[in-house]
Amino acid sequence: MPPGASGNGSSSSNDKREFRPISGKHGPHLNSRNPYQPVPDFLSNVNSFKIIESTLREGEQFANAFFDTAKKIEIAKALDDFGVDYIELTSPAASEQSRLDCEAICKLGLKAKILTHIRCHMDDARIAVQTGVDGVDVVIGTSSFLREHSHGKDMDYIHKTAIEVIEFVKSHNIEIRFSSEDSFRSELVDLLSIYRTVDQIGVNRVGIADTVGCASPRQVYDLIRTLRGVVSCDIETHFHNDTGCAVANAYCALEAGATHIDTSVLGIGERNGITPLGGLMARMIVADREYVTSKYKLHKLRDLENLVAEAVEVNIPFNNYITGFCAFTHKAGIHAKAILANPSTYEIINPADFGITRYVHFASRLTGWNAIKSRVEQLDLDMTDAQCKECTAKIKQLADVRPLNVDDVDGIIRQYHFNIKTGNDQPLLKGIDHPAPGTQEAAGTDEPAAKKLRTELDQDAAKCC
Ligand SMILES: CC(=O)SCCNC(=O)CCNC(=O)[C@H](O)C(C)(C)COP(=O)(O)OP(=O)(O)OC[C@H]1O[C@@H](n2cnc3c(N)ncnc32)[C@H](O)[C@@H]1OP(=O)(O)O
Ligand SMILES: O=C(O)CCC(=O)C(=O)O
Ligand SMILES: [Zn+2]
């Protein structure tokens, strides 16, 4: 019998050897696992990643962004308070004020490490190491597009200069990361060659950048996994969102063995930006809630986003991850009923983890009696299920004619409740209980009559109850 196999349902002594505990980064103990489960994914870092927050670098490249020193400091402190691991700042070579701001933020004594982001050039490196940063992120384009049209340098030059810049930064005892811009349109052989070189001379991280947002999650997985087999240093990744994959790509990168993800608040950056911090949090809390909630102050996400949104004069999008106004609003009756019974039915994220409350929408024709019953209870009214159902039907009648708000529905509920308790037959809303021929029934077909009814209802909605 081969080692580890067993016959007749009985275990052999070889079985014990087969399921011996093994040590490793994630410490799986095979003998305590169900042997029929797949082997754990040793490459994946979805439960041990770090964030390089680049609102003050990539984010400053957003069309609307202008951060004065005070605003940069406010944002840096808020990011630090949120718990990001690194804060990346604009190159001190960009302008004198950029250099001074970099120095000022380094002096704040934040918990997060401060990085600055420079071209692969000794002039920039000399300025960067004088600012007091904890590390320098160096970048140079490696795709033929950028080699030809951006900096005009060949791969030999890139190797030579990268080594010079890296050795120089390392000599100042600060972290150094080397990244290729436009990695996904670069030749794989060029990438692996330069990364092997810089890994051997001791960079802390190499970076993969999807500069134009062209990569798909599968391409990301393949490249990062290949790179993971070539370098021993950490792997940082940077994803633009031009084709809508920035969050998915970040996740796939971690699955493939990347260690660091670049983000910005609301995803602001060049063009339509990069992986948003909130979007990454949404994705990662689903992957490892314990890791994310213990490391990041998720309750501060909304304030952080408001701070940045105000600074760059944009609104938070309605469909923003976590903080969009309807991110936890449940409208259709089927959803509302199930959510009221158990929120996990239609929510993968608990809004309470982010200090946010869910909302069950009931003021529409898609509502159901369960949602209305819940509202009746909130209003502390006493109605049977049958009465809730009849009242729901009345609400739907009006909702078929025009949009409703909470006051409209509360008004109908209260009037309905008043009527059943007093035996009154007051109209719930004009045209609903006592439709004149050619009005309510005709609302969908007889245009002038429907219009008249809508006007009457609009006028009376506020008066009712
Ligand atoms: C994809 C990214 O987001 S990378 C980060 C982008 N960040 C920035 O650009 C920071 C803000 N930039 C700036 O303030 C300016 O562009 C500066 C100070 C860096 C350079 O300004 P200038 O010298 O006036 O050059 P300009 O911006 O017109 O052109 C870019 C220069 O950098 C060179 N260059 C571009 N990328 C790199 C690189 N990765 N490594 C080395 N040199 C580079 C180009 O060859 C060009 O130099 P050249 O005019 O001598 O050919
Ligand atoms: O330095 C990096 O890794 C990324 C630079 C950048 O912003 C980009 O390539 O889009
Ligand atoms: Zn970028």
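Start by selecting Q61 and ligand 1: a polar side-chain atom of Q61 sits 3.0 Å from an oxygen atom of the ligand. Keep in mind as you click around that this is a predicted model.

Stay with ligand 1 and bring up its surroundings. You should get 13 residues, and the closest are Q61, R119, C120, V139 and I140. Now add R57, where an N or O atom of the side chain is 3.4 Å from an oxygen atom of ligand 1. Then show the backbone of S150, because side chains alone won't do here: the contact involves a backbone N or O atom, 3.2 Å from an oxygen atom of ligand 1.

Next stop, ligand 2. Select what surrounds it and you'll find R57, E58, H117, V139, R177, S179, E181, A209, T211, H238 and H240. Three side chains are worth labelling with distances. For R177, a polar side-chain atom lies 2.7 Å from an oxygen atom of ligand 2. For T211, an N or O atom of the side chain is 2.6 Å from an oxygen atom of the ligand. For H238, the corresponding distance to an oxygen atom of ligand 2 is 3.0 Å.

Keep H238 selected and turn on the zinc ion, ligand 3. Which residues coordinate the zinc ion? They are E58 through OE, H238 through NE2 and H240 through NE2, at 2.0 to 2.1 Å. Along the sequence, these donors follow the spacing E-x179-H-x1-H. E58 and H238 tie together distant parts of the chain, 180 residues apart: E58 is in the loop between β1 (50-53) and α2 (69-82), while H238 belongs to strand β7 (residues 234-239). Colour by accessibility and check this pair: E58 is buried, and H238 is buried too.

Now hide the ligands and switch to cartoon. Eight strands close into a barrel, in the order β1-β2-β3-β4-β5-β6-β7-β8, with parallel pairing. Neighbouring strands of this sheet are turned against each other by 25 degrees on average, ignoring direction.

For a closer look at one pairing, select residues 113-119 (β3) and 135-141 (β4). These two strands run parallel and pair over five bridges. Pick I118 and look across to β4: the bridge partner there is V138.

Last, select residues 155-170, which make up helix α6. How does α6 sit relative to the strands? The helix lies across β4 and β5 (175-181), and runs at about 160 degrees to β5.

Methods:
Residues are numbered from 1 along each chain as its sequence is written. Chains are lettered from A and ligands numbered from 1 in the order in which they are written. This is a predicted model: local features need pLDDT of at least 70, side-chain atom pairs count only at pLDDT 80 or more; totals for chains, interfaces and linings use all residues. Side-chain values use heavy atoms; hydrogens and water are left out. Two strands pair if DSSP finds at least two bridges between them. Helices (H or I, at least four residues) and strands (E, at least two) are DSSP runs, numbered from the N terminus. Axes are lines fitted to C-alpha atoms, for helices over the stretch in contact, and angles run from 0 to 180 degrees between N-to-C directions. Contact means heavy atoms within 4.5 Å. Donors are N, O and S atoms within 2.8 Å of the metal (3.2 Å for Na, K and Ca); water is not among the atoms, so sites may look incomplete. Buried means under 20% relative accessible area, exposed over 50%, partly exposed in between (1.4 Å probe, protein chains only). A residue is near a molecule or strand if one of its heavy atoms lies within 4 Å of it. A polar contact is a pair of N or O atoms within 3.5 Å; within protein, one must be able to donate a hydrogen and the other to accept it, and residues adjacent in sequence count only if both atoms are side-chain atoms.
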